[in-house]
Amino acid sequence: MSPSLTVRRIAADQGAVFRELRTASLREAPYAFDETLEEAMSADASTFEQTAARHAASTTSTSFILYTEGHPAGLIGACFEDAAPHRAFVSELWVAPAVRHLRGGELLVNTASDWLAAGGATEIYAWIADENRNAMRFYERLGFGPTGERERIPRAPAQFQTLLVRHVPHHAASADDTDAPL
Ligand SMILES: CC(C)(COP(=O)(O)OP(=O)(O)OC[C@H]1O[C@@H](n2cnc3c(N)ncnc32)[C@H](O)[C@@H]1OP(=O)(O)O)[C@@H](O)C(=O)NCCC(=O)NCCS
């Protein structure tokens, strides 16, 4: 039987879980992220605690955690662009190999998208390393398409990453809002 997968927004006291998931993702899939494992490992535990506390409360950036049978098994980041809050990004997406192909990635992206759309985002962007063909296919299957934007990866300047976008309908809850989601 497939394990049940759930997604919840990070809680203020989940700095250690956040660190565990982030370092696991950088160890398992270093090709997928800008940050390196060494950078994450050398960061003080308090850095993760501060990020978890901020992401639990902020209206402009957050993280969601995937659970399988109650155990943390994946992560995604979501944030608004400062100057143009109808534009938002998902990042740091990772699902533990043992629970891949069970739609956990889809659940993370859709939950993060819903949160961003509720805050007024109509365009959700994601940077994908060109060599990460699996992630490219994954995002395309979820309705993300090319923006035409492509740039060198800061961590590995010989390689490129491509910006994908998914357009989401203006969220009913924010239909009358004209202000930035701050
Ligand atoms: C990309 C990733 C998050 C997908 O997570 P997931 O939980 O397996 O995703 P889902 O089950 O929702 O969807 C899987 C679908 O994505 C695509 N896909 C994902 N991994 C794939 C692979 N190894 N080979 C082929 N297609 C793949 C397929 O369309 C697949 O559909 P299928 O399961 O019916 O074959 C996961 O593979 C991962 O964490 N990869 C390493 C980190 C990474 O690349 N992150 C993205 C950074 S931009």
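**Exercise 1. Which of the 19 residues around the ligand come nearest?**

Solution. The structure is a predicted model, in which local features need pLDDT of at least 70 and side-chain atom pairs count only at pLDDT 80 or more, while totals for chains, interfaces and linings use all residues. Residues are numbered from 1 along each chain as its sequence is written. A residue belongs to the surroundings of the ligand if its C-beta atom, placed from the backbone, lies within 6 Å of it. Among the 19 residues found there, Arg100, His101, Gly105, Glu106 and Phe138 come nearest. Two or more residues of this shell are given by each of strand 4 (87-95), helix 4 (104-118) and helix 5 (133-141), where helices are DSSP runs of H or I with at least four residues and strands are runs of E with at least two, numbered from the N terminus. The largest share, 5 residues, comes from helix 5.

**Exercise 2. Work out which residues of helix 3 are buried, and where they lie on the helix.**

Solution. Helix 3 covers residues 45-57. A residue counts as buried if 20 or more other C-beta atoms lie within 10 Å of its own, as exposed if 12 or fewer do, and as partly exposed in between, with C-beta atoms placed from the backbone. By this rule the buried residues of helix 3 are Phe48, Thr51, Ala52 and His55. Seen down the helix axis, these buried residues fall within an arc of 100 degrees, so they line one face of helix 3; the arc is that of the directions from the axis to the C-beta atoms. An α-helix has 3.6 residues a turn, so residues three or four places apart point the same way. The buried residues of helix 3 pack against helix 1 (15-28) and strand 2 (61-68), whereas Ser46, Gln50 and Ala57, on the other side of helix 3, are exposed.

**Exercise 3. Describe the backbone and the surroundings of glutamate 92 and histidine 101.**

Solution. Most residues other than glycine have a negative phi. Glutamate 92, however, has a positive phi near 55 degrees, and histidine 101 has a positive phi of about 65 degrees. For their places in the chain, glutamate 92 is in strand 4, while histidine 101 is in the loop between strand 4 and helix 4. Turning to burial, glutamate 92 counts as buried because it has 20 C-beta neighbours inside 10 Å. Histidine 101, with 9 other C-beta atoms within 10 Å, is exposed.

Notes:
Expected span 1.5 Å × (residues − 1). Contact = placed C-beta atoms within 7 Å.
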